[in-house]
Every structure is written in C-alpha cells, then in structure tokens.
Amino acid sequence: MSRRLRVGVIFGGRSGEHEVSLASARSVMAAMDKTKYEPIPIGITKEGRWLLAGEPLRMLEEAVKRGPHALTAEGQALPSRELIAIGDDGSSGAVSRPSPLASLDVVFPVLHGPYGEDGTVQGLLELADIPYVGAGVLASAVGMDKAVMKDIFKAHDLPITRHQVILRKTWEADPARVVREAESTFGYPCFIKPACLGSSVGVTKAHDRAELEAGLAEAARYDRKIIVEEAVPHAREIECSVLGNDDPLASVPGEVIPSREFYDYAAKYLDNASQLLIPAPLPSALTERIRALAIAAFKAIDCAGMARVDFLLDGLNGELYLNEVNTIPGFTAISMYPKLWEASGISYPELIDRLIALALERHADRARSATTYQGE
C-alpha cells in the first residue's frame, strides 16, 4: 500500500471566528479516511502563536473555556510572533522555519476570517511551495473583503444590492454626516457590516437612527472599512456550494430559515433554532439561474477548490441578488457547504477526497509555469 498523505489541518487563528474554526477542524479530521490520510493538527492561538506539538485542537478548545493562560508555560509568557511548539506539559520552545510544514504533503486550512481566510496563510504556503486546499492568495483576499468583492461582481455585471463603503476614520471624524448620508441613500431598514469578517460577526440591522449609529460603531470595532447596504424586502437567504478549479460544479441550492430577524451569529451558532431547507423550494428555472450565478461569481474572483456562494431573494418581486462568496465556508458535518454536496450526491468523506485532489492538481498546474526567462 502506498504511503498515506500527511495532511496538515490548520485551525484557530487571530479572528472573531476562532471558535467556529475549531468546530470545523474537528469535523474535517474526524471524517478523513485514515487509510489514505494522516491528519496533522496545527493550531493557531488568538494571539497568533502556532501550536505544533501535543494536542493542538484540544488545547485551543480548553483555552476558549479557560482563557489564553491555559497555553502558557507556568508563570512564563510565551514569546510572540514565533512558531511555537507547546507540549501537553506546558513546555514550549521556538521551532525552526519552515521545518514544521516541510514534511506535509498538503495543507487543509480551516481558518475562518482574517489571518487565515484572507490570503495571508495562503501566501505562506505558496512561499513554502506546499499544496493547499481552497482558494489562492488573490481569491482569498477578495473573498474576505466584501467591498472589493462587490466591485468585482459589479464589473462582471452580477446582480448586487446598493451599498456604500465608509472608512472607520471617516465615521469617527464626522459621525453625523455619515449617518445623514446613509439615511438619505438607503433609508430604513439597512444593514451595517465590517468589510473583512465573516460568520455575521459585527453585522447589525438598523431600523432607525439610534440603531444605525450603534451598528456603525459596532462594525468599526472590527474593521477599518464599513459597509452599509440596503435591505432586500422579505429576503430569503439562499446558498449554493461550488467545487472545482477551472471547471467548477455547483450543488443544489439550499435555503436558510433564520431563527431571528436575519441570519446573525447567534442564529448561526448559538440557539440551534435556524432551519436549513435542502434543496431550496424554488422553481427549476430559478434553481438553475442560482447555480449558474454561483459558478460565475466563483470564476469572477478566480476562486479554486471550494466556495459557498450566498444570495438574497426578494420576497416581493423575486429579484435575486448575489451577497458574497465564502472561500472557506463552515465545514462541520452539519454545515451548509457539505450538506448541499451530500444532497447533490457527494458524501462528506468523498468531498474531502475531492478537495485534496483539487489542491494537488492546482499545485501541479502551477509548477508547470516557467520561473526563469530564457529569452529568444
């Protein structure tokens, strides 16, 4: 039997989506076929320290419960900005770079949000010449930045809602003017979002001026760029999974019935009351349009491997709007991305197989590009 592939699963990270990442990583590693793969857990703390020894996933989960002090040596702070190997006994020491990654055959990043889903880790893996699952540096960065993403969708004539990008500096300098402009442009209700975050962290819906001001202040806590956008009337939230590299496939669409007024963080992860309708109860023509638009959005940002593409469907006139592309979607066994593929005929373990194969395929294709100019 051929050697098992060593698959580095990176999780955690310096993000408001740290806890979601841990749940996704646990699910991915549990579903891997151990006759084919040797999962190598690699944790990143909320302070940016890399855990390469012991049981990184268990240690980060305990840190969430007990606080970051659970990861420090007794009475001694760990050095920052280093790759740190932390053992079960609390001992720690800096490890040489890039040796922790050199022994891996492929990496499966399960990092949601900044410093993981935004192209930073992807750039590190490119420099180390290691195949990895999912989007490359460019698509990851664009997929994280909703403001840039919307600009690209608009350039490709994809349907998006009206929106406005506001810098935190502008908001802090003249909040009254920002509020007046948003009110005159969108009215109420409207949504306020940090431009570069996911899992609905920092997202609010404003019904009046007080909520708009509070929402702008909340979004400004998380990012220097804030997006205000019009609310789609009686919006239905539709999601579609995409899988592939240059010739991607789209799953059947699903619909989210949020337990709250919109699909916020609590509705996604805390109260367990939101419903997923798979497949979404839609006319066949609309289903096919959603699948085609999902692939178009995937290609527009030059994505690879996987993505979940989210839509908003106007409940009054049936207009469809592209909301965003998530390049590292939630990946637990009950998350929408794998569930949509399960409904489309691809099981969770097979999905992992395909994603790893796509990572190796893309790495091999990239290796074909010349790196030395030979002239005439």
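A residue counts as exposed when its relative accessible area is over 50% and as buried when that area is under 20%. By this criterion Asp129 is exposed, because its relative accessibility is 53%. The structure in which Asp129 sits is a predicted model, and the paragraphs below go from the whole chain to its loops, helix pairs and backbone details.

The chain has 376 residues, of which 52% are buried. Its secondary structure consists of 13 helices and 16 strands. Contacts between residues at least 6 apart in sequence are, in 68% of cases, contacts between residues at least 24 apart. The exposed surface of the chain comes to about 17,200 Å², with carbon and sulfur atoms contributing 51% of that area.

Confidence is worth a look before the details. The average pLDDT of the chain is 88, and 86% of the residues reach at least 70. Residues 73–98 are a stretch to read with this in mind: pLDDT stays under 50 there, and the model gives these residues 52 contacts beyond four places in sequence.

Two helix pairs can be described through their packing. Helix H1, spanning residues 18–31, packs against helix H13, spanning residues 348–367, at an angle of about 95 degrees, and the two axes are 9 Å apart. Angles of 65 to 115 degrees count as roughly perpendicular, so H1 and H13 fall into that class. On the H1 side the contact involves Ser27, Val28 and Ala31, which meet Tyr348, Pro349 and Ile352 of H13. Sorted by class, the residues of this contact are five nonpolar and one polar, with no charged residue.

The second pair is formed by helix H5 (residues 137–144) and helix H6 (residues 146–155), whose axes lie 5 Å apart at an angle of about 105 degrees. This angle therefore makes H5 roughly perpendicular to H6. Val142, Gly143 and Met144 of H5 meet Lys146, Val148, Met149 and Ile152 of H6. Here the classes are five nonpolar residues, one polar and one charged.

Ahead of H5 in the chain comes the loop between H4 and H5, and Asp129 lies in it. Helix H4 itself covers residues 120–127, and Val121, Gln122, Gly123 and Leu125 are buried in it. Asp129, just after H4, has a positive phi of about 60 degrees although it is not a glycine. With a relative accessibility of 53%, Asp129 is exposed, whereas the four H4 residues named above are buried.

The loop between strand S10 (225–230) and strand S11 (236–244) offers a buried and an exposed residue. Val232 is located in this loop and is buried, because its relative accessible area is 10%. Apart from neighbours within four places in sequence, Val232 contacts Thr161, Leu312, Leu313, Asp314 and Tyr321. The C-alpha atoms of Val232 and Arg162 are 9.8 Å apart, while 70 residues separate the two in sequence. His234 belongs to the loop between S10 and S11 as well. Its phi is near 50 degrees, a positive value in a residue other than glycine. His234 counts as exposed, because its relative accessibility is 60%.

The loop between strand S14 (275–277) and helix H11 (284–300) holds Leu282. This leucine is buried, because its relative accessible area is 15%. Arg236, Ile238, Thr287, Ile290 and Leu313 are its contacts once neighbours within four places in sequence are left aside. Leu313 thus appears among the contacts of Leu282 and among those of Val232. Glu255 is 27 residues from Leu282 along the chain, with 9.3 Å between their C-alpha atoms.

Pro279 also has its place in the loop between S14 and H11. The peptide bond leading from Ile278 to Pro279 is cis, with omega near -5 degrees. Another cis peptide bond joins Tyr188 and Pro189, where omega is about 0 degrees. Pro189 is found in the loop that connects helix H8 (175–186) with strand S8 (190–194).

Note on methods. Residues numbered from 1 in each chain as written. Predicted model: local features only at pLDDT ≥ 70, side-chain atom pairs only at ≥ 80, totals over all residues. Heavy atoms only, no water. Axes fitted to C-alpha atoms, helices over the stretch in contact; angles between N-to-C directions. Helix = DSSP H or I, 4+ residues; strand = E, 2+ residues; numbered from the N terminus. Parallel < 35°, antiparallel > 145°, perpendicular 65-115°, else oblique. Contact = heavy atoms within 4.5 Å. Nonpolar A, V, L, I, M, F, W, Y, C, P; charged D, E, K, R; others polar. Buried < 20%, exposed > 50% of the residue type's maximum accessible area, 1.4 Å probe, protein only. Areas by Shrake-Rupley, 256 points an atom, 1.4 Å probe, with all protein chains shown as cover. pLDDT = per-residue confidence, 0-100.
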